[in-house]
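Trainee: Before accepting the labels attached to this structure, I should like to see how each of them is justified. May we go through them in turn?

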Amino acid sequence: MKPDELFEARRRSRNTALGLVLGGLAVLFFAITITKLAMA
Amino acid sequence: MQASDTIFAATAAADWRDYVALLKPRVVSLVVFTGACGMFAAPVAIHPVIALTAIICIAVGAGAAGALNMWYEADIDGLMKRTQDRPIPAGRIDGASALAFGVTLSLFSVFVMGVGVNWLAASLLLASILFYVVIYTVWLKRRTPQNIVIGGAAGAFPPMIGWAAATGDVTLLPVLLFAIIFLWTPPHFWALALFMKSDYAAAGVPMLPVTAGRRETRRQVLIYSVPLVAVTLLPGLLGLTGLVFGCAAVLLGTVFLWLAVKVARNHATDPSGMQPEKRLFTYSIFYLFALFAVLVVDRSMT
């Protein structure tokens, strides 16, 4: 793999991982909100 | 080539796994486990979503502290065989990115813990991060052979954090759990330092085997093992736990002391002759896992 392609591949994998983390956080925050409202 | 080009090159070369490596996942797993045990040993049932939030925040906070530790110690990490392949000394991540990563995750974990769980747990989490980064990493580690004795308190916070997450307060039992990990840390790390002495010496870190010699360190390993085992007996004696934990503390503690005695009696100067030290180090990890697992089982029965 050429260096540019390697950099691109790694940047893509970093962005994918970040996207998954952010998506998971969105789900977590939603769940916390629902839970806190139910507990109130 | 300008500095910005170098930073870009380093950042571009980093894989997401390198950022995960910054978090010291093996340390985080032990921290998460003891934190979860503290939570489930508490006498209050915690909602699963809140429990999951607390565990994630403990994991992220501990990982953030690890990342900040790696940022600060990149210079000495490059001098030790055990650590020279870490992301920063190996050039895969630059220091500025690691610092930003660690600070962001620290603030994020504390904030989410506060908003999602409670502010006492968030305060304890913040205290543990600051203790590890400021007091242990920046202040003590390069200055005194007692670095691991005092700095080990950082790793002792998680069971208190877990308990506080569940109950909103801290009572005697979580303080005793704190004390157990606090007293466990020196023999655990000094056993490691005994067979990694040359690595620490190369980096100029004043670990006890480097400053006081192997014989004194082996003596201290045994000395610290005694109050450790004694403290593990206190919850049972004070009626805070039942017979299951009491028996486990006696059995596990007896083996710990037996291995510590073998370390104290060892005179090997080469790591190849340090089987007692390696055995104690390995057992100490199992010891902590087993003790806390039995605690949860015991508390669920009482």
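Mentor: Let us start with salt bridges: the count between chain A and chain B is 0 in this predicted model.

Trainee: What makes a pair of residues a salt bridge?

Mentor: A side-chain nitrogen of Lys or Arg must lie within 4 Å of a carboxyl oxygen of Asp or Glu. The count of such pairs between chain A and chain B is 0. Polar contacts are another matter: 4 residue pairs, both at pLDDT 80 or more, make them between the two chains.

Trainee: How do the residues on the side of chain A that touches chain B divide?

Mentor: They comprise 8 nonpolar, 2 polar and 3 charged residues.

Trainee: How much area do chain A and chain B bury between them, and what share of it is on carbon and sulfur atoms?

Mentor: The two chains bury about 1,300 Å², with 72% of that on carbon and sulfur atoms. On the side of chain A, the most area is lost by Phe7(A), Arg14(A) and Leu28(A), which together account for 36% of what that side buries. In terms of contacts, 13 residues of chain A meet 19 residues of chain B.

Trainee: Why is Ala264(B) called partly exposed?

Mentor: Its relative accessibility is 27%. Buried requires under 20% and exposed over 50%; Ala264(B) therefore falls in between and counts as partly exposed.

Trainee: Where is Ala264(B) placed, and which residues does Ala264(B) touch?

Mentor: Ala264(B) belongs to helix H15 of chain B, residues 243–265. Leaving aside residues up to four places away in sequence, Ala264(B) touches Arg218(B) and Leu222(B).

Note on methods:
Residues numbered from 1 in each chain as written. Chains lettered and ligands numbered in written order. Predicted model: local features only at pLDDT ≥ 70, side-chain atom pairs only at ≥ 80, totals over all residues. Heavy atoms only, no water. Contact = heavy atoms within 4.5 Å. Buried area = accessible area lost by both parts, 1.4 Å probe. Polar contact = N/O pair within 3.5 Å; in protein donor to acceptor, adjacent residues only side chain to side chain. Nonpolar A, V, L, I, M, F, W, Y, C, P; charged D, E, K, R; others polar. Helix = DSSP H or I, 4+ residues; strand = E, 2+ residues; numbered from the N terminus. Buried < 20%, exposed > 50% of the residue type's maximum accessible area, 1.4 Å probe, protein only.
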